[in-house]
Amino acid sequence: MRTWFESLEVRERVILLCGGAAAIVIVVWALIWTPLNNRSLELNNSVAVKQRMLATLRRARAAATPGGPLVDASTRQSLVLLIDQTHRSYGLEGTLIRNQPDGSDGIRVTFQDAAFDALIAWLGTMHGSYAVSVESATIDGARMSGVVNATLVLRRS
């Protein structure tokens, strides 16, 4: 191999070395750098969502009374307004595709492509802070891991 390389003209050797170096750079960039960079961005986004959920859960925990659910003026407002105001703070904005009243004290909500962790955290706050319980739930996995489609019937306790 060495004799073959030395038998090439100087111009051919330079072109071959430059091509080899370019091939190494392309392979390192395409097979190592890009996947690592993409995964790093995904993890950073996931951490940010989880930090927002943790902050909201801490606020809800601090607001909850030891004797049971927090009862204030927000528990007297309509469920449609309450759900509209609270789901956004859990990163569920754009995933609530339908809400429909279900009797005088209930509502049927449908989420599409919602983060499961965020949905469960939101439901925990709805129960603990606003006395709204899940009466029935249908939750199906979506294409992406950790993402679900859900139809829930929520009712005031």
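Helices and strands are here runs of residues assigned by DSSP, with at least four residues for a helix and at least two for a strand, and they are numbered from the N terminus. The model described below is a predicted one, and the residue-level picture that follows should be read with that in mind.

With those names in hand, Ala131 can be placed in the loop between H4 and strand S3, which spans residues 132-141. Its backbone has a positive phi of about 55°, although Ala131 is not a glycine. Most residues other than glycine have a negative phi. Ala131 counts as buried because its relative accessibility is 13%, and buried means under 20%. Asp113 also has a positive phi of about 55° without being a glycine, but Asp113 lies in strand S2, residues 106-115, and with a relative accessible area of 45% it is partly exposed.

Helix H2 covers residues 10-63, and Val27 is found in it. Together with Ile24, Val28, Leu31, Ile32 and Leu36, Val27 makes a nonpolar surface patch of about 590 Å². Is Val27 itself buried, exposed or partly exposed? Its relative accessibility is 45%, so Val27 counts as partly exposed, since that class lies between the 20% limit for buried and the 50% limit for exposed. Thr56 is also found in helix H2, yet Thr56 is buried, because its relative accessible area is 9%. The C-alpha atom of Thr56 is separated by 12 Å from that of Gly128, although these two residues are 72 residues apart along the chain.

Where is empty space left around the protein? Rolling a probe the size of a water molecule over the atoms shows this. The largest pocket has a volume of about 370 Å³, and of the 14 residues that line it, the closest to its centre are Glu42, Ser46, Lys50, Ala115 and Ser145. The elements that give two or more residues to this lining are H2 and helix H4, residues 116-130, and H2 supplies the largest share, with 8 residues. By character, the lining divides into 6 nonpolar, 4 polar and 4 charged residues.

The structure holds 8 salt bridges, and the table sets out three of them, with the N to O distance and the relative accessibility of each partner.

| Salt bridge | N to O distance | Accessibility of partners |
|---|---|---|
| Arg39 and Glu42 | 3.2 Å | Arg39 47%, Glu42 45% |
| Glu93 and Arg88 | 3.7 Å | Glu93 57%, Arg88 39% |
| Glu135 and Arg155 | 2.5 Å | Glu135 48%, Arg155 18% |

Arg39 and Glu42 both lie in helix H2, where they are 3 residues apart, about one turn of the helix. Arg39 counts as partly exposed, and so does Glu42, which is also among the residues closest to the centre of the largest pocket. In the pair of Glu93 and Arg88, Glu93 counts as exposed, whereas Arg88 counts as partly exposed.

The salt bridge between Glu135 and Arg155 has its closest N and O atoms 2.5 Å apart. This pair links distant parts of the chain, with Glu135 in strand S3 and Arg155 in strand S4, residues 147-156, and the two partners are 20 residues apart. Glu135 is partly exposed, whereas Arg155 counts as buried. Salt bridges that share partners also join Asp102, Asp105, Glu135 and Arg155 into one network.

Methods:
Residues are numbered from 1 along each chain as its sequence is written. This is a predicted model: local features need pLDDT of at least 70, side-chain atom pairs count only at pLDDT 80 or more; totals for chains, interfaces and linings use all residues. Side-chain values use heavy atoms; hydrogens and water are left out. Patches are made of residues with over 30% relative accessible area and no salt bridge: like charges are joined within 9 Å, nonpolar side chains (Val, Leu, Ile, Met, Phe, Trp, Tyr) within 5 Å. Accessible areas come from the Shrake-Rupley method with a 1.4 Å probe; for residues, only the protein chains shown count as cover. A salt bridge is a side-chain nitrogen of Lys or Arg within 4 Å of a carboxyl oxygen of Asp or Glu. Buried means under 20% relative accessible area, exposed over 50%, partly exposed in between (1.4 Å probe, protein chains only). On a 1 Å grid over the protein atoms alone, a cavity is a set of points where a 1.4 Å probe fits but cannot get out, and a pocket is an open set with protein on both sides within 12 Å along at least five of seven lines; lining residues have an atom within 4 Å of a point. Grid points are joined across faces, edges and corners, and a volume is the space filled by probe spheres set on the points. Ala, Val, Leu, Ile, Met, Phe, Trp, Tyr, Cys and Pro count as nonpolar, Asp, Glu, Lys and Arg as charged, and the others, Gly among them, as polar.
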